[in-house]
Structures are given as structure tokens and as C-alpha cells.
Amino acid sequence: MSDELERRVLGDAAARQLANTQKTIVQWGAITPRWLPRFLSWVPVEAGVYRVNRVKENESAQVVVCTTKTTQPLPTAFVDYVEKPREYVLSSIKSVLGVHTRVSDLFRSPHDQTKEQLRLIVEHLKERQEFELINNPDYGLLKNAAPAQRIPTRKGPPTPDDLDELLTKVWKEPAFFLAHPRAIAAFGRECTRRGVPPPTVSLFGNQFLTWRGIPLVPSDKIPISNNGSAGKTSILLIRTGEARQGVVGLFQSGLPGEQAPGLSVRFMGIDQTTIASYLVSLYCSAAVLTDDAIGVLENVDVNSYHDYVWPK
């Protein structure tokens with residue numbers, strides 16, 4: 001019999017069988033900050049329709065002469081309105097979630113499967129909402145900028161001169177620039193090269209580059225087109241709010257199953273295959289109250305610093 005003591009050590013793999021594993025909620029790299037909806041002013045809409053009444057801009061105020069028995073002729077004036085103003089109808093973004101009851105019953109700890117699935121569906125719809133606010137062919141901001149408010153960029157990346165020119169288009173209380181992150185990076189490089197690095201400002205707990213005190217807000221929903229070897233995009237300057245005759249976001253309030261402004265989640269029942277269904281709906285639109293509420297700098301070059309050949 002050996003006098004040596006046999007040593008046995010519990011290994012990591014075996015020990016883990018008795019230990020709880022800390023689990024996160026599902027991480028999804030496609031989720032972005034979605035700054036545009038945060039910076040817009042939002043207006044609740046009744047019956048899903050928003051009418052923008054405007055003055056006939058090209059006509060001067062009409063003068064009418066009225067007389068009475070006791071006074072001299074008195075000139076008065078009125079301002080004529082557009083007879084058929086534009087009406088914005090809310091757009092709907094919908095998705096139906098199906099969850100098997102066996103999954104929701106058995107696999108609900110530590111995270112509820114139904115809640116997690118609904119959370120991810122809502123995130124997807126909100127990402128789509130920001131895309132539509134920019135690119136929708138009917139109400140998207142890029143589509144609805146007036147021709148007179150569009151500026152072709154100078155050759156190369158966006159420059160301080162370009163953004164100053166954009167400020168001449170939206171000079172009445174501009175709120176923010178909206179640009180793809182690559183466009184903001186190109187502008188920052190150009191400012192640094194010229195010796196005028198843009199300052200930053202803290203908004204919503206985050207740092208934003210600014211120009212002339214106006215924040216440059218990033219959104220990856222602004223498209224970048226490939227024109228040969230150069231990537232081209234646009235930079236917008238936006239004024240917001242009804243009181244400023246700017247851009248407003250539109251939503252329907254008081255929806256059945258409302259979870260957030262314009263967002264509802266409604267249980268649709270359980271079918272014969274024991275799948276529970278939920279209808280997730282998001283209603284939104286945007287309205288440009290006056291033409292000078294948006295300016296667009298077009299064909300911005302977003303090549304990297306090393307790819308661009310600087311003019312001599």
C-alpha cells in the first residue's frame with residue numbers, strides 16, 4: 001500500500017455544471033442611437049391626417065378699400081391662402097410576431113422570451129421609422145426639400161464654406177445638421193486640415209461636433225451612392241417645430257395597446273398550432289411646413305483622408 005496521498009482536483013468543466021451562467025439580453029449590432037426622431041419636434045395627429053395651410057407666397061397682400069358714411073376711405077389688407085393645401089396621411093410600419101406557447105412557457109427565465117422578441121421587433125420598427133423619415137418617397141426629408149434649397153457641393157469633401165452656404169438657405173433658427181457618420185468624419189478632417197477643428201457640444205448625454213454652434217447629428221440612414229471610386233451623400237440642415245415653421249414629426253396618439261407615442265402592441269390570440277401572435281404597429285410621418293425649413297448639400301464626397309487627392 002502506497003503512503004502517497006492521491007490528490008483529486010475538481011476541474012472547471014465539472015464545476016460549471018453546478019454554477020449559474022450570467023446571461024445578457026440579446027445584443028443586436030443593427031441597433032443605432034436614432035438621433036433624428038429625438039431631435040425632431042413631434043405633433044399628435046387627429047384621425048391620421050395633418051393639413052399644412054400655407055400663404056400664396058408669390059402673391060402680395062391684397063388691399064381693399066372700404067367706405068362708411070362717417071369716415072374717409074380706409075385701406076385694409078388680407079393675405080390669401082393656398083386653396084388646396086397639402087395633407088399628410090400617417091404611414092404605418094407593421095410586423096406580426098409569432099411565439100410558440102411551449103417556448104414562452106418553458107424558456108422564460110432569466111429572460112422572458114415574448115418580451116425579448118417584442119423588444120427586438122420594436123427596435124427593428126424604430127430603425128425603419130428613421131429610414132422612412134429620411135428616404136420615404138412621399139414624406140421623407142430628402143425627397144421634400146425644395147429645388148431652390150439644394151446646393152451642389154464643391155469638389156472634394158464637405159468644407160466649412162459648404163456648411164456656411166447651407167446656413168444661408170436655412171438661416172432662420174436652424175436646429176441641426178443631419179449627415180451620415182462618414183460625411184461628418186470627412187467634414188471634421190477638412191476642418192482639422194484647415195486649422196479650424198470644430199468644437200463639440202453635449203446633448204442627450206453625448207458629444208456632437210458643431211459648426212457655428214449647430215450640432216452635426218449622425219444617421220446611417222442617409223444613403224451613400226458609389227459614383228466610380230467616390231462615395232457621394234448629402235448633408236441636411238433642418239429647422240424644427242410648428243412655432244418656427246419648421247419640420248415636424250407626426251404620430252397618432254391614443255392607439256389601442258399604446259406602448260409609446262405612435263407605437264402599439266396588440267395580442268391577436270393563439271391559433272390551433274398553439275402559436276401566440278402579436279401585432280406591432282408604428283404610425284408616423286413628417287411634414288415640412290415651409291420650403292426654407294430644409295436645406296440640402298448634395299453630392300458630398302466621403303472618401304477617406306488617404307484616398308482623397310487634395311487640390312494644390
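Which residues have the most contacts inside the largest nonpolar core? In this predicted model, they are Y50, L141, L178, L236 and L250, and the core to which they belong has 47 residues. Strand β17, spanning residues 275-288, gives the most to this core, contributing eight residues. A second core, separate from this one, comprises 19 residues, among them L167, A179, W211 and I214. In soluble globular proteins, nonpolar side chains tend to be buried together.

The protein chain contains seven helices and 18 strands. Of its 312 residues, 41% count as buried. The accessible surface of the chain amounts to about 19100 Å², and carbon and sulfur atoms account for 52% of that area. Among contacts with a separation of 6 or more, 75% are between residues 24 or more positions apart. The mean pLDDT of the chain is 89, and 89% of the residues score at least 70. Over residues 308-312, by contrast, pLDDT stays under 50, and the model has nine contacts beyond four places in sequence for this segment.

Within the largest core, L236 is one of the residues with the most contacts. With neighbours within four places in sequence set aside, the contacts of L236 are L141, L142, L166, F176, F177, L178, I222, I294, G295 and V296. Two of these partners, L141 and L178, are themselves listed among the core residues with the most contacts.

Strand β17 was examined through two of its residues, S285 and A276. S285 has a relative accessible area of 1% and is therefore buried, the cut-off being under 20%. Beyond four places in sequence, S285 is in contact with W42, Y88, V89, L90, S91, L133, Y139, V248, G249 and L250. The last of these, L250, is among the residues with the most contacts inside the largest core. A276 is likewise buried, at a relative accessible area of 7%. Its contacts beyond four places in sequence are L97, G98, V99, T101, F267, G269 and I270. A276 and T101 are separated by 175 residues in sequence, yet their C-alpha atoms lie 6.4 Å apart in space.

Several backbone features are located in loops. S109 and P110 are joined by a cis peptide bond, with omega at about 5°; P110 is placed in the loop between α3 (101-106) and α4 (113-135). A positive phi of about 60° is found at A47, although this residue is not a glycine. A47 belongs to the loop between β1 (41-45) and β2 (49-52) and is exposed, with a relative accessible area of 67%. Q245, also not a glycine, has a positive phi of about 55°. This residue lies in the loop between β13 (230-238) and β14 (247-252) and is partly exposed, at a relative accessible area of 45%.

A search of the whole structure finds 21 salt bridges. In one of them, E83 pairs with K56, the closest N and O atoms being 3.7 Å apart. Because E83 lies in the loop between β4 and β5 and K56 in the loop between β2 and β3 (62-66), the pair ties together parts that are 27 residues apart in sequence. E83 is exposed at 68% relative accessibility, whereas K56 is partly exposed at 22%.

The loop that holds E83 also contains Y81, between β4 (74-78) and β5 (86-89). Y81 is exposed, with a relative accessible area of 57%. Together with V55 and V79, Y81 forms a nonpolar surface patch with about 290 Å² of accessible area.

A further pair is formed by D161 and R194, whose closest N and O atoms are 3.4 Å apart. D161 is in helix α6 (residues 160-169) and R194 in the loop between α7 (181-193) and β9 (200-203), so this salt bridge ties together parts that are 33 residues apart in sequence. Both residues count as partly exposed, D161 at 38% relative accessibility and R194 at 39%. R194 forms a salt bridge with E190 as well, with the closest N and O atoms 2.6 Å apart. E190 counts as buried, at 2% relative accessibility. Elsewhere, R34, E123, E127, E130, D220 and K221 are joined into one network by salt bridges that share partners.

Note on methods
Residues numbered from 1 in each chain as written. Predicted model: local features only at pLDDT ≥ 70, side-chain atom pairs only at ≥ 80, totals over all residues. Heavy atoms only, no water. Patch = residues over 30% accessible without salt bridge, like charges linked within 9 Å, V, L, I, M, F, W, Y side chains within 5 Å. Areas by Shrake-Rupley, 256 points an atom, 1.4 Å probe, with all protein chains shown as cover. Salt bridge = Lys/Arg side-chain N within 4 Å of Asp/Glu carboxyl O. Helix = DSSP H or I, 4+ residues; strand = E, 2+ residues; numbered from the N terminus. Buried < 20%, exposed > 50% of the residue type's maximum accessible area, 1.4 Å probe, protein only. pLDDT = per-residue confidence, 0-100. Contact = heavy atoms within 4.5 Å. Core = buried A, V, L, I, M, F, W, Y, C linked by side-chain atoms within 4.5 Å.
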